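Subject: A structure for you to explore

Hello,

Here is the structure I promised to pass on to you. Have a look at it first, and then read on for what turned up.

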Amino acid sequence: MNENTGRPVVLDVWCDLQCPDCHRAESDLRVLAERFGPALEIRRRHFPLPRHQHALAAAQAAEEAHAQGSGDAFWTALLARTAELSERGTPVLLDVARGLGLDADEVDTALVDGRHMLMVDADQAEGQALGVTGTPTYVIGGQRLDGGKSQEGLLDRIAELVEQLLAQPSGLDRWNSAAS
């Protein structure tokens, strides 16, 4: 937490759950979470790309997993299976749900009734408004970093920005309220 404000720095991560680059980015997010703990809030945001046939369903399934209390675990487990998702589609979403002890029938129903589409659409619209065009894309402290082009150096750059924002007494409030 920022000692001056008592609030965490927010890192928004726009991701396509069928994207191999997003899978590779998971290790960086784990390192950041371990390094900064509660001082860094990592918010996973949906940005399903049209070229990934199962990405929209994956985003909806992740929202249902979140509703069932295992959103982050589902997100991580699914990203580890991007190639399989590309090949097999929806059955992989249900396999991942079952593997995490979720109600896979409810995940399947959520895909049919579209109950989480508003959340997915809202994330995507906000990403587009911020200039997100590919995944993963990070937004922290008002800066957009495109991980879809290269992950090279992003971990260090994000960590540097977190450190700067944690040290700022008033800038953090401005960026957190803009991100909320």
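Let's start with a small puzzle: is Glu84 buried, partly exposed or exposed? Keep in mind as you look that this is a predicted model. Glu84 turns out to be partly exposed, because its relative accessible area is 24%, and the buried class takes in only values under 20%. Its partner Arg88 is also partly exposed, at 38%. The side chains of these two residues form a salt bridge, with 2.4 Å from N to O. Glu84 and Arg88 both belong to helix α4 (residues 82–88), and since they sit 4 residues apart there, about one helical turn separates them.

You can find a similar pair in helix α8 (residues 154–167). There, Arg157 and Glu160 are 3 residues apart, so again about one helical turn lies between them. Their side chains meet in a salt bridge of 2.5 Å, N to O. Arg157 has 27% relative accessibility and counts as partly exposed, and Glu160 is partly exposed too, with 40%.

Now for a pair in another setting. Asp12 and Arg43 join their side chains in a salt bridge of 2.7 Å, N to O. This one links distant parts of the chain: Asp12 is in strand β1 and Arg43 in strand β2, 31 residues apart. Both residues are buried. In the whole structure, the search finds 17 salt bridges.

Those two strands lead us to the sheet. It is open, has 4 strands in the order β2-β1-β3-β4, and its pairing is mixed. At the edges are β2 (40–46) and β4 (143–146), each of which pairs on one side only. From one strand to the next, the twist averages 20 degrees. Strand β3 (residues 137–140) pairs with β4 in the antiparallel sense over 4 bridges, and Ile140 stands opposite Gln143 of β4. Helix α1 (residues 20–36) lies across β1 (9–15), β2 and β3, and runs at about 160 degrees to β2.

Finally, look at two helices that pack together. Helix α5 (residues 90–99) and helix α6 (residues 104–113) meet at an angle of about 145 degrees, and their axes are 8 Å apart. Their crossing is right-handed. Among the residues making the contact are Leu93 and Leu94 of α5, and Val107 and Leu111 of α6. Sorted by class, this contact has 6 nonpolar, 1 polar and 2 charged residues.

Enjoy exploring!

Best wishes

Definitions and conventions:
Residues numbered from 1 in each chain as written. Predicted model: local features only at pLDDT ≥ 70, side-chain atom pairs only at ≥ 80, totals over all residues. Heavy atoms only, no water. Pairing = 2+ DSSP bridges. Axes fitted to C-alpha atoms, helices over the stretch in contact; angles between N-to-C directions. Contact = heavy atoms within 4.5 Å. Left-handed = near helix turned anticlockwise from the far one by under 90°. Nonpolar A, V, L, I, M, F, W, Y, C, P; charged D, E, K, R; others polar. Salt bridge = Lys/Arg side-chain N within 4 Å of Asp/Glu carboxyl O. Buried < 20%, exposed > 50% of the residue type's maximum accessible area, 1.4 Å probe, protein only.
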